[in-house]
Amino acid sequence: MITWEKTSSATWLAPKKVSLDEIDPGGTPTAPGDRAATEAKVEKLRTQLADLQDAFRAEESGSVLLVLQAMDAGGKDGCVKQVFKGTNPMGLQVTSFGLPTPEELAHDFLWRIHARCPAKGIIGIFNRSHYEDVLAVRVRDIVPRSVWLPRYSQISNFEDILAASGTTIVKVMLHISNDEQKLRLQKRIDNPNKRWKFRTGDLDDRKLWPEYMRAYEDAIEKTNSDEAPWFIVPADKKWYRDFAVLTIMIDALKALNPSHPKFAEYDGIVVD
Ligand code: AMP
Ligand code: MG
């Protein structure tokens, strides 16, 4: 298990008691400098992540799961695109979880999630996740409290199973401000090439911002564990968000200390 407190990612570890109002979404703690300096660092981190992933894929000894959660326009898609730019797509498995289909609703809430958990050698990326079942579902009152409340411990138990079977789990909340969401949603509406990402329902969720913040705080507090820690990343500045998430991914892979398998039995074989 990773001692996250000892890594550079410790900056973003969620505290035991979470108060999102006290974490500045525009902050840039431990950034190597201004935007230009941080972007230069991001380039280097991409190379580092790619090298680690190469050995991690070859070794197939464990898997990594990155859970990305955020409000609409929080930067989840951009984060996937920017953080994994240098990596080998064959070693990634990205899943976006939207409104459950009728088939998914006919099963328990973790059914569709479990099916997309990464195999050994794979980095799984969840663009939204099982946390929607204690966030959107709770805030929009889709199921009664008696159903969503036990889900926190059900989720923790589920994540324990994954961790015990060799999955390193990192859960990241991209923390944006209400003002930044307003700007980004407006851009989506005004830019014809971005409009496909907009749903009028996003405005309904926006009205429920305070309720969502409380639900995030609860979800993070109740499911934060050594095996499946939460990180809260200030995400109003996209370049800073990329720097933070790259750092977390690198620390996750570094801790596994991946190395290319030796295959000593092939020593001396000559191909004719
Ligand atoms: P997006 O990720 O913006 O494409 O939108 C997906 C939408 O599906 C968001 O509004 C989520 O809150 C919603 N969603 C995802 N999972 C669930 C779930 N299990 N129950 C209800 N809504 C969900
Ligand atoms: Mg959306």
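## Helix packing and a few residues worth a look

Arginine 145 sits in helix α6, which covers residues 145-148. This is a predicted model, and in it arginine 145 comes out exposed, since its relative accessible area is 53% and the cut-off for exposed is over 50%. How far apart are arginine 145 and tryptophan 4 in space, C-alpha to C-alpha? The answer is 33 Å, with their places 141 residues apart in sequence.

Now for the helices. Start with α1, residues 35-59. Its 25 residues should span 36 Å at 1.5 Å a residue, and the end C-alpha atoms are indeed 36 Å apart, so the two values agree. Helix α10, residues 209-223, passes the same kind of check: 15 residues, an expected 21 Å, and end C-alpha atoms 21 Å apart, which agrees. For α11, the 19 residues reach 28 Å from first C-alpha to last, close to the expected 27 Å.

Which residues of α1 are buried? They are Thr38, Val42, Leu45, Arg46, Leu49, Ala50, Leu52, Gln53, Ala55 and Phe56. Those buried residues pack against a mix of strands and helices: β1 (63-69), β2 (92-96) and β3 (123-127), plus α2 (76-83) and α11 (238-256). As for α11, 15 of its 19 residues are buried, so the rest of the structure largely encloses this helix. In α10, the buried set is Trp209, Tyr212, Met213, Ala215, Tyr216, Glu217, Ala219, Ile220 and Thr223.

Helix α11 has two packing partners to go through here, α1 and α2. Here is the geometry for each pair.

| Helix pair | Packing angle | Axis separation |
|---|---|---|
| α1 and α11 | about 30° | 9 Å |
| α2 and α11 | about 60° | 10 Å |

Are α1 and α11 roughly parallel or oblique to each other? An angle of about 30° falls under the 35 degrees cut-off, so α1 and α11 count as roughly parallel. Their crossing is left-handed. On the α1 side, the residues that meet α11 include Arg35, Val42, Leu45, Leu49, Leu52 and Phe56. On the α11 side, the residues that meet α1 include Trp239, Phe243, Leu246, Ile250 and Leu253. Several of these α1 residues, among them Val42, Leu45, Leu49, Leu52 and Phe56, also turn up in the buried set.

The α2 and α11 pair has another look. At about 60°, these helices are oblique to each other, because that angle fits none of the parallel, antiparallel or perpendicular ranges. α2 passes α11 in a right-handed crossing. Gly78, Cys79, Gln82 and Val83 of α2 do the meeting here, and their partners in α11 are Arg241, Asp242, Val245, Leu246 and Met249. Note that Asp242, Leu246 and Met249 of α11 also meet α1.

Next comes serine 177. Its place is the loop between β4 (167-175) and α8 (178-190). Is serine 177 buried or exposed? It counts as buried, because its relative accessibility is 18% and the cut-off is under 20%. Its side chain makes a polar contact of 2.9 Å with the side chain of aspartate 236. Setting aside neighbours within four places in sequence, serine 177 is in contact with Pro25, Trp209 and Asp236. Trp209 is also one of the buried residues of α10.

Glutamate 180 is in helix α8. Glutamate 180 is buried too, with a relative accessible area of 18%. A 2.8 Å polar contact links its side chain to that of arginine 184.

Finally, some backbone oddities. Most residues other than glycine have a negative phi. Threonine 30 is not a glycine, yet its phi is positive, about 60°. Threonine 30 belongs to the segment before α1 and is partly exposed, at 48% relative accessible area. Arginine 128 also has a positive phi, near 70°, and lies in the loop between β3 and α5 (136-139). Two further cases come just after helices: glutamate 60 follows α1 with a positive phi of about 50°, and asparagine 257 follows α11 with a positive phi of about 50°.

Note on methods:
Residues are numbered from 1 along each chain as its sequence is written. Chains are lettered from A and ligands numbered from 1 in the order in which they are written. This is a predicted model: local features need pLDDT of at least 70, side-chain atom pairs count only at pLDDT 80 or more; totals for chains, interfaces and linings use all residues. Side-chain values use heavy atoms; hydrogens and water are left out. Helices (H or I, at least four residues) and strands (E, at least two) are DSSP runs, numbered from the N terminus. Buried means under 20% relative accessible area, exposed over 50%, partly exposed in between (1.4 Å probe, protein chains only). A polar contact is a pair of N or O atoms within 3.5 Å; within protein, one must be able to donate a hydrogen and the other to accept it, and residues adjacent in sequence count only if both atoms are side-chain atoms. Contact means heavy atoms within 4.5 Å. The expected span of a helix is 1.5 Å times one less than its number of residues. Axes are lines fitted to C-alpha atoms, for helices over the stretch in contact, and angles run from 0 to 180 degrees between N-to-C directions. Angles under 35 degrees count as roughly parallel, over 145 as roughly antiparallel, 65 to 115 as roughly perpendicular and the rest as oblique. A crossing is left-handed if the near helix is turned anticlockwise from the far one by less than a right angle, and right-handed if clockwise.
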